Amino acid sequence: MKWLDKITETRARKVAQSTSRRGFLGKLATVVVGTTAAVPLLPVARAEQSGGQQPAEEGDPNSCDYWRFCAIDGFLCGCCGGSINTCPPGTEMSPITWIGTCENPVDGRNYIISYNDCCGKTSCGNCLCQRNEGDRPMYRPQLSNDLNWCLGTQSVAYNCSTAVVIGTALDE
Amino acid sequence: MQKLIYIVGVLALITLFGCSDDSRETISDASDTVQRVAEVVSEEVSANNSSVAEEATESVENSGAEAVEEVAAADMENSGTEAVKEVAAADKGSKAELKPEQIGVVETLPEQYPAEWILIQDAAFFHMLDGRLLVVDASSDDSARRYKGMFNSSIIGQFAQSTTRPELYSVDTYLSRGTRGERTDVFTIYDKRTLAPVGEVVLPAKRSSNMPTIYNLQLVDDEKLALVYNFTPAASVSIVDLDSRTFLGEVPIPGCALAYPMAGRGFSTVCGDGTIQTVNIGANSDDIVSNRTDAFFDYENDPLMEKAVQIGSMTYFPTFKGNIQPVDMSGDIAVPGEAWSMLGDGDEGWLPGGLQSTGVDDAGRMYVLMHPEGAEGTHKNPGSEVWVYDVENQQRVDRIKLKLPAISMGITRGEDPLMVTTNINLVIDVYKVKSGEYLRTIADIGAETPFMLHGAR
């Protein structure tokens with residue numbers, strides 16, 4: 001798959017630099033394969049395409065050991081007036097972010113989790129959580145939780161982080 | 001006497017607020033006025049002291065106790081206002097009367113900070129607009145006086161110190177309405193003696209806001225240029241001329257991050273495809289020549305950590321799996337050397353980790369925070385030990401067990417350095433490097449998240 005990594009990465013970088021900031025997400029492709037025809041490619045199998053019922057989840061979504069938080073670093077939005085996939089009132093969700101690949105213990109699948117930051121207010125201060133499975137240095141920013149991802153938002157002030165399921169990671 | 005100061009203070013405020021112009025001259029004039037007012041009041045108090053003190057003494061004698069008595073007295077006829085005066089009179093004669101003190105005195109620091117002083121970078125993670133840099137004497141057990149001063153830094157500022165000028169630098173971000181409004185990124189020059197800003201360079205509003213690192217803000221070319229890492233998420237580096245205090249330009253570094261100084265007028269940056277790009281800056285900042293290595297490190301399975309140390313013109317990167325990757329940065333392109341393992345027999349499971357996980361001393365030894373039972377995802381875990389390396393001979397020369405595991409560390413300058421760590425309680429521990437001895441803990445200094453520690457250069 002190295003050749004695919006290379007092509008996807010090169011293409012994604014050009015997209016990220018020359019077009020939309022969302023294009024940056026297209027760079028992630030080490031364990032997943034693109035399935036949509038849209039540009040930029042978002043190389044995940046979308047949940048709605050799989051049909052059927054959503055798999056169940058277990059655990060406390062406001063606890064740092066919850067499965068979706070395997071690569072998070074920040075305040076959990078569910079403890080800040082938002083939820084695991086929504087921002088607190090009056091904040092703005094960053095359109096670009098870093099991602100993690102986390103295993104849902106209920107169905108044993110690996111999911112791509114997008115840790116979109118909520119922005120425009122100062123730190124929430126509740127439920128600080130840091131886990132680093134799959135986290136990588138800032139020269140691979142799409143996998144780095146050391147960055148303040150309040151980018152492309154009206155304000156760079158960081159409030160909290162969500163953990164949105166954006167698809168399943170397919171086996172290599 | 002406290003009330004005397006109070007009176008002077010009130011008059012000072014009246015004088016200041018009476019000023020329509022806030023120029024320095026006016027403030028200076030106001031200070032002079034305050035000083036004159038203080039002298040007048042002081043004279044009046046002295047003049048009244050004899051009669052007032054007699055009353056007070058009688059009162060004390062009547063009670064038979066040693067005490068301080070207050071006596072209210074006197075119109076200030078000259079000023080035409082009523083005021084209250086107070087005289088401390090107990091045990092008159094055996095205690096010298098306090099002299100009025102000068103108002104408006106502000107402390108200064110030495111131009112060259114002592115070797116044991118440290119600079120503590122508090123990102124204020126729970127309220128990022130209020131980040132700060134503290135100057136603290138790490139050799140002192142005096143919990144009050146070891147705190148020397150501080151300045152502010154907003155939204156996870158980045159920091160550097162000059163060795164050739166009495167200057168400290170920070171680059172940070174301000175929004176016109178605090179957490180919203182127009183964004184301004186600014187490179188600010190602070191005077192080491194006053195900790196006051198003495199210059200600033202407004203930069204493109206692109207600087208990377210990230211957990212602080214050494215390599216977000218660096219000085220190159222004998223400290224003539226400052227480099228600021230940008231991430232929007234397009235990556236670039238802003239260049240500041242420190243002589244003219246001007247913004248020179250911006251160099252794109254697509255797919256790469258941070259700025260590691262080259263020996264000459266340039267920097268290297270680590271890239272997500274396993275290469276290093278070197279940017280050489282000509283006399284004219286538009287004259288940029290970039291070179292790139294072949295891919296030489298495994299960015300997927302054993303990535304270089306950003307937390308390198310620089311010893312001479314060599315840069316040493318720890319890797320996720322416990323190797324050291326040397327890179328020669330003396331020329332116009334980075335030249336990677338052979339990586340070697342930090343681990344010996346019996347070291348299985350130990351890995352480098354932490355936030356600021358490395359340090360270097362003046363003798364060129366490399367220090368690395370290490371934790372046992374390392375695995376995928378533990379690369380930011382606190383270290384329970386610091387391992388010390390002679391990097392030329394690729395040998396571990398010391399192993400310091402920490403009182404408490406630590407996320408960050410710093411080494412002071414000189415032949416007998418101190419090691420300071422940010423422990424898991426987010427307070428500072430101080431060790432003697434040569435003996436590994438724990439010396440003291442520095443807590444309650446108003447630094448809630450002291451993410452980075454620097455020995456004063």
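B:Y438 is partly exposed, with a relative accessible area of 30%, in what is a predicted model. Its ring partner, B:Y431, counts as buried at a relative accessibility of 1%. The two ring centres lie 5.8 Å apart with the planes at 70 degrees, so B:Y431 and B:Y438 make an edge-to-face pair; the reasoning rests on the rule that planes over 60 degrees apart count as edge-to-face.

**Aromatic pairs**

Over all chains, the search of the whole structure finds 20 aromatic pairs. One of them joins B:Y169 and B:F187 in a stacked arrangement, with 5.3 Å from centre to centre and 20 degrees between the planes. This pair links distant parts of the chain, since B:Y169 belongs to strand β7 (residues 167–175) of chain B, while B:F187 belongs to strand β8 (residues 183–191) of chain B, the two residues being 18 residues apart. Both B:Y169 and B:F187 are buried. The geometry of the two pairs described here is set out below.

| Ring pair | Centre to centre | Angle between planes | Class |
|---|---|---|---|
| B:Y169 and B:F187 | 5.3 Å | 20 degrees | stacked |
| B:Y431 and B:Y438 | 5.8 Å | 70 degrees | edge-to-face |

Ring pairs also link residues of chain A and chain B into a cluster, which is made up of A:F75, A:Y158, B:F125, B:F126 and B:F451.

**The interface of chain A and chain B**

The size of an interface is often given as the accessible area lost when the parts come together. Here chain A and chain B bury about 3400 Å² between them, and 57% of that area is on carbon and sulfur atoms. In terms of residues, 36 of chain A are in contact with 38 of chain B.

As for polar interactions, the rule finds 4 salt bridges across the interface of chain A and chain B, among them one in which the side chains of B:E300 and A:R140 meet at 3.3 Å, N to O. Across the same interface of chain A and chain B there are 15 residue pairs in polar contact, counted where both residues have pLDDT 80 or more.

On the side of chain A that touches chain B, the elements giving two or more residues are α1 (2–18) and β6 (128–130) of chain A. The largest share of that side, 4 residues, comes from α1(A). By residue class, the side of chain A that touches chain B divides into 14 nonpolar, 12 polar and 10 charged residues.

Key: Residues are numbered from 1 along each chain as its sequence is written. Chains are lettered from A and ligands numbered from 1 in the order in which they are written. Side-chain values use heavy atoms; hydrogens and water are left out. Contact means heavy atoms within 4.5 Å. Buried area is the accessible area (1.4 Å probe) that two parts lose on being put together, summed over both. A polar contact is a pair of N or O atoms within 3.5 Å; within protein, one must be able to donate a hydrogen and the other to accept it, and residues adjacent in sequence count only if both atoms are side-chain atoms. Ala, Val, Leu, Ile, Met, Phe, Trp, Tyr, Cys and Pro count as nonpolar, Asp, Glu, Lys and Arg as charged, and the others, Gly among them, as polar. Rings of Phe, Tyr and Trp (its six-membered ring) pair if their centres lie within 6.5 Å; planes under 30 degrees apart count as stacked, over 60 as edge-to-face and the rest as tilted. Buried means under 20% relative accessible area, exposed over 50%, partly exposed in between (1.4 Å probe, protein chains only).
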